[in-house]
Amino acid sequence: MTLPGEGEARSAITALRPTGLTVAVAESLTGGLVVGALTTVPGASAVVRGGVVAYATDLKASVLGVDADLLAERGPVDAEVARQMAAGVAHALGADVGLATTGVAGPDPQGAAPVGRVHIALAGAGGGRSLVLDLDGSREEIRAETVRRVLVLLAQAARAAAPSGPRGTVEGSRRPEGGHP
């Protein structure tokens, strides 16, 4: 079975390995596709800590630590929600880098967010970054493009954190006993 983003996942894993950084993924609209793509790559276990599929809005708060007032005010399809999801999953799973996806794949809009509005975010690796995407296509095409884009974001951050620079960690992240140094 071929998952969307396998080539981008290979590139991200290849870029992450020399940095010693680990990654965790918080997914909403992609429903596990991002971590699925990452774990298809041989050697991914050296850098992938795991993932959380927080499809329901309340899980974004209770599991990932997204501010409940923010969710109530803006809804789950929001740049700050994506940033908090990324930081929350890194903290929860003891990773250096957190990724997040949230958005509307369709078939219907969600609140004021149209179909194709997606927020992706990265926390850690020397900072954070979020992007808003307005994607066209079917539900499957929107989800696949989201996977590709967030994995490109991860590969770019990993290359920027390559061995020549200091390792960045997410503030408050923790490493379990026996974790990567």
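Okay, to kick off: which helix does leucine 16 lie in? That would be helix 1, residues 6–16. Bear in mind as I go that this is a predicted model.

Let's stay with leucine 16 for a moment. Relative accessibility comes out at 0%, so leucine 16 counts as buried. If you skip residues up to four places away in sequence, leucine 16 touches Leu21, Val23, Val47, Leu154 and Ala158. And have a look at valine 48: that residue is 32 residues along the chain from leucine 16, with 9.5 Å between the two C-alpha atoms.

Leucine 16 has company in helix 1, too. The buried residues there are Glu6, Ala9, Ala12, Ile13, Ala15 and Leu16. As a general reminder, an α-helix has 3.6 residues a turn, so residues three or four places apart point the same way. And what sits over the buried residues of helix 1? The cover includes strand 1, helix 2 (33–38), strand 2 and helix 6.

Right, on to the sheet. We've got five strands in an open sheet, order 2-1-3-4-5, with mixed pairing. Strand 2 (48–53) and strand 5 (128–134) are the edges; each has a single partner strand, so one side of each has no neighbour in the sheet. From one strand to the next, the twist averages 10°.

Zooming in on one pair: strand 3, residues 97–103, and strand 4, residues 117–124, run antiparallel and are joined by seven bridges. If you want a spot to click on, glycine 103 stands opposite valine 118 in strand 4.

Now the helices that lie across the sheet. Helix 5, residues 79–93, lies across strand 1 (23–27) and strands 2, 3, 4 and 5, at about 140° to strand 3. Helix 6, residues 139–160, lies across strands 1, 3, 4 and 5, and runs at about 25° to strand 4.

Last stop, and one for anybody setting up charges: lysine 60, in helix 3, residues 57–62. Lysine 60 is buried, yet there's no salt bridge. How far away is the nearest side chain of opposite charge? That's aspartate 58, at 7.9 Å. What lysine 60 does have is a backbone oxygen, from alanine 54, lying 2.7 Å from a polar atom of the lysine side chain. Leaving aside neighbours within four places in sequence, the contacts of lysine 60 include Ser28, Tyr55, Leu71 and Thr102, and also Val81 and Met85.

That's my tour, so over to you for questions.

Conventions: Residues are numbered from 1 along each chain as its sequence is written. This is a predicted model: local features need pLDDT of at least 70, side-chain atom pairs count only at pLDDT 80 or more; totals for chains, interfaces and linings use all residues. Side-chain values use heavy atoms; hydrogens and water are left out. Two strands pair if DSSP finds at least two bridges between them. Helices (H or I, at least four residues) and strands (E, at least two) are DSSP runs, numbered from the N terminus. Axes are lines fitted to C-alpha atoms, for helices over the stretch in contact, and angles run from 0 to 180 degrees between N-to-C directions. Contact means heavy atoms within 4.5 Å. Buried means under 20% relative accessible area, exposed over 50%, partly exposed in between (1.4 Å probe, protein chains only). Lys and Arg count as positive and Asp and Glu as negative; His and the chain ends are not counted. A salt bridge is a side-chain nitrogen of Lys or Arg within 4 Å of a carboxyl oxygen of Asp or Glu. A polar contact is a pair of N or O atoms within 3.5 Å; within protein, one must be able to donate a hydrogen and the other to accept it, and residues adjacent in sequence count only if both atoms are side-chain atoms.
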